[in-house]
Amino acid sequence: MSGLVDFLINPGLDRSLAYGPELQAIQSLACARQAMRAISAWPGYAPTPLVALPSLAASIGVASLHIKHEGHRFELQSFKALGGAYVVELWAAAAHDPAQVTFTCATDGNHGRSVAWGARRVGAKSVIFVHETVSEGRAAAIASFGADVRRVGRTYDDAVRAADEAARINGWLLVSDTSYPGYDQIPRDVMQGYSVLPAEIEAQGLAPTHVFVPGGVGGLAASVLAFAWERYGPDRPRLIVVEPERAACLLASARARRATTIGGDLKTIMAGLSCGEPSLLAWDILQPGADAFAAITDDAAAATMRKLARLGMAIGESGAAGLAGLLALGKDQRAALEMDASSRVLIYGTEGATDPDVYRHIVGRDPADVEPTVRG
């Protein structure tokens, strides 16, 4: 089907494998409960809506289809609010004087907004690194929270290295959502913040059989998988990770059966997924536990944004990836996933229209006209 560039049933999958102590050290239900207690106490917290799409479910031949709409997440309109800001709060609580702390990170947009927002909430400073293809709208949104925004490098991975070096030179605290050798504690905490999403979904009463999650460095997908794996073991839903065709580092890693860095310019409209290097912690969970990986075109994501707009939802480029991946599957891929008329499908719609100008260019409508209840 048009839009699907690559599809892979995970060759490393072992659904009989227990979610043991080594994996629980990365992400656990106990840590998920801790994150939920903290984040649910924040001013303005409310579970984001779980929207049923019955007509779309009928058209693709499944029993039900729901999308978790993160465009309503605090003032950031993205699930990333649950990660970077959570880490900032944890580390600021341990500081003698948060005003003397500078938090830094690299970002494609939403993670940087979360760190900057979190720093402003605790009275700390933030320096956020963006690469050359991050839109001016997203950079300005980060700066609006008081951050010093610095543009460096061609790709997200270039910005990650720049943020790491600046943190070491200046004594800043690096809040990265990706882990690499010698750096893993903070990415664990970021992932634990993300576990609020599956916890909310469980409380909202949904028990999906199939879950589609955007890829990126893998942190959200691993958090979603870890929650279900520890809770339900081999009876957990099937998890499908969806990536842009030019930034499918998780699919490449699955095919190689080891964490794999991909090259190229990684250019995609799905800006939050423009990543060439998997997070090693996330990959430790995804390699044995994710069911499948899919790579889609930018055109598929854009078409899905327009489809969602017709359904009254202003969802951004990266947020549309999961549904685009589902809609791109052909008969053979659905059969491989055991998806049929009894299936209950959940999509993680990870962001709203976080850059209204980009959204208008793609969809042809103002996000506030599509969905007046969200900021645009």
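These exercises, each with a worked solution, concern a predicted model.

**Exercise 1. The nonpolar cores**

Find which residues of the largest nonpolar core touch the most other members, and which helix gives the most to this core.

Solution.
- Step 1. Take the largest nonpolar core, which has 86 residues.
- Step 2. Look at the contacts among members. Leu 239, Ile 285 and Leu 286 touch the most other members.
- Step 3. Turn to the elements. Helix 10, residues 219-232, gives the most to this core, with eight residues.
- Step 4. Check for another core. A second, separate core has 43 residues, including Leu 56, Ala 57, Ala 328 and Leu 329.
- Step 5. Take Leu 239 and leave out residues up to four places away in sequence. The contacts of Leu 239 are then Val 211, Val 213, Ala 221, Val 224, Leu 225, Leu 286, Ala 290, Asp 291 and Ala 292.
- Background: nonpolar side chains tend to be buried together in soluble globular proteins.

**Exercise 2. An open sheet**

Work out the strand order of the four-stranded open sheet, and explain why one side of strand 6 and of strand 7 has no neighbour in the sheet.

Solution.
- Step 1. Read the order: 6-5-4-7, with parallel pairing.
- Step 2. Find the edges. Strand 6 (148-151) and strand 7 (173-174) stand there.
- Step 3. Count partners. Each of these two strands has a single partner strand, so one side of each is left without a neighbour in the sheet.
- Step 4. Move to strand 4 (residues 102-107) and strand 5 (residues 125-130). They pair in the parallel sense over six bridges.
- Step 5. Pin the register with one residue. Thr 102 has Lys 125 of strand 5 as its bridge partner.

**Exercise 3. Strand 8 and its partner**

Decide which way each residue of strand 8 points, and whether these residues are buried or exposed.

Solution.
- Step 1. Recall the general pattern: side chains alternate between the two faces of the sheet in a regular strand.
- Step 2. Apply it to strand 8. His 210, Phe 212 and Pro 214 point one way, and Val 211 and Val 213 point the other way.
- Step 3. Check the burial. Five of the five residues of strand 8 (residues 210-214) are buried.
- Step 4. Add the neighbour. Strand 8 pairs with strand 9 in the parallel sense over five bridges. Phe 212 has Ile 240 of strand 9 as its bridge partner.

**Exercise 4. Val 62 in its loop**

Place Val 62 in the chain, then find which residues it touches.

Solution.
- Step 1. Locate it. Val 62 is in the loop between helix 3 (54-60) and strand 3 (64-69).
- Step 2. Test the burial. The cut-off for buried is under 20% relative accessible area. Val 62 has 9%, so Val 62 is buried.
- Step 3. List the contacts, not counting residues up to four places away in sequence. Val 62 touches Ala 57, Met 339, Asp 340, Ala 341, Ser 343 and Val 345.
- Step 4. Compare sequence with space. Val 62 and Arg 344 are 282 residues apart in sequence, but 6.6 Å apart C-alpha to C-alpha.

**Exercise 5. Helix 9**

Explain why helix 9 is largely enclosed, and say what covers its buried residues.

Solution.
- Step 1. Count. Six of the eight residues of helix 9 are buried, so the helix is largely enclosed by the rest of the structure.
- Step 2. Name them: Val 196, Leu 197, Pro 198, Ala 199, Glu 200 and Ile 201.
- Step 3. Find the cover. It includes helix 2 (29-39), strand 2 (50-52), strand 3, helix 8 (185-194), helix 10 and strand 11.
- Step 4. Look past the end. Gly 205 follows helix 9 and has a positive phi, near 90°.

**Exercise 6. Pockets and a cavity**

Describe the lining of the largest pocket, the second largest pocket and the largest cavity by residue class.

Solution.
- Step 1. Start with the largest pocket, of about 300 Å³. Among its 21 lining residues, Leu 206, Pro 208, Ala 228, Tyr 232 and Pro 237 are the closest to the centre. Helix 10 gives the most to this lining, with five residues.
- Step 2. Sort that lining: 15 nonpolar, one polar and five charged.
- Step 3. Go to the second largest pocket, of about 250 Å³. Its lining has six nonpolar, six polar and six charged residues.
- Step 4. Finish with the largest cavity, of about 300 Å³. Of its 25 lining residues, Phe 79, Lys 80, Asp 177, Gly 272 and Leu 273 lie nearest the centre. The classes are nine nonpolar, 11 polar and five charged.

Conventions. Residues are numbered from 1 along each chain as its sequence is written. This is a predicted model: local features need pLDDT of at least 70, side-chain atom pairs count only at pLDDT 80 or more; totals for chains, interfaces and linings use all residues. Side-chain values use heavy atoms; hydrogens and water are left out. A nonpolar core is a set of buried Ala, Val, Leu, Ile, Met, Phe, Trp, Tyr and Cys residues joined through side-chain atoms within 4.5 Å. Buried means under 20% relative accessible area, exposed over 50%, partly exposed in between (1.4 Å probe, protein chains only). Contact means heavy atoms within 4.5 Å. Two strands pair if DSSP finds at least two bridges between them. On a 1 Å grid over the protein atoms alone, a cavity is a set of points where a 1.4 Å probe fits but cannot get out, and a pocket is an open set with protein on both sides within 12 Å along at least five of seven lines; lining residues have an atom within 4 Å of a point. Grid points are joined across faces, edges and corners, and a volume is the space filled by probe spheres set on the points. Ala, Val, Leu, Ile, Met, Phe, Trp, Tyr, Cys and Pro count as nonpolar, Asp, Glu, Lys and Arg as charged, and the others, Gly among them, as polar.
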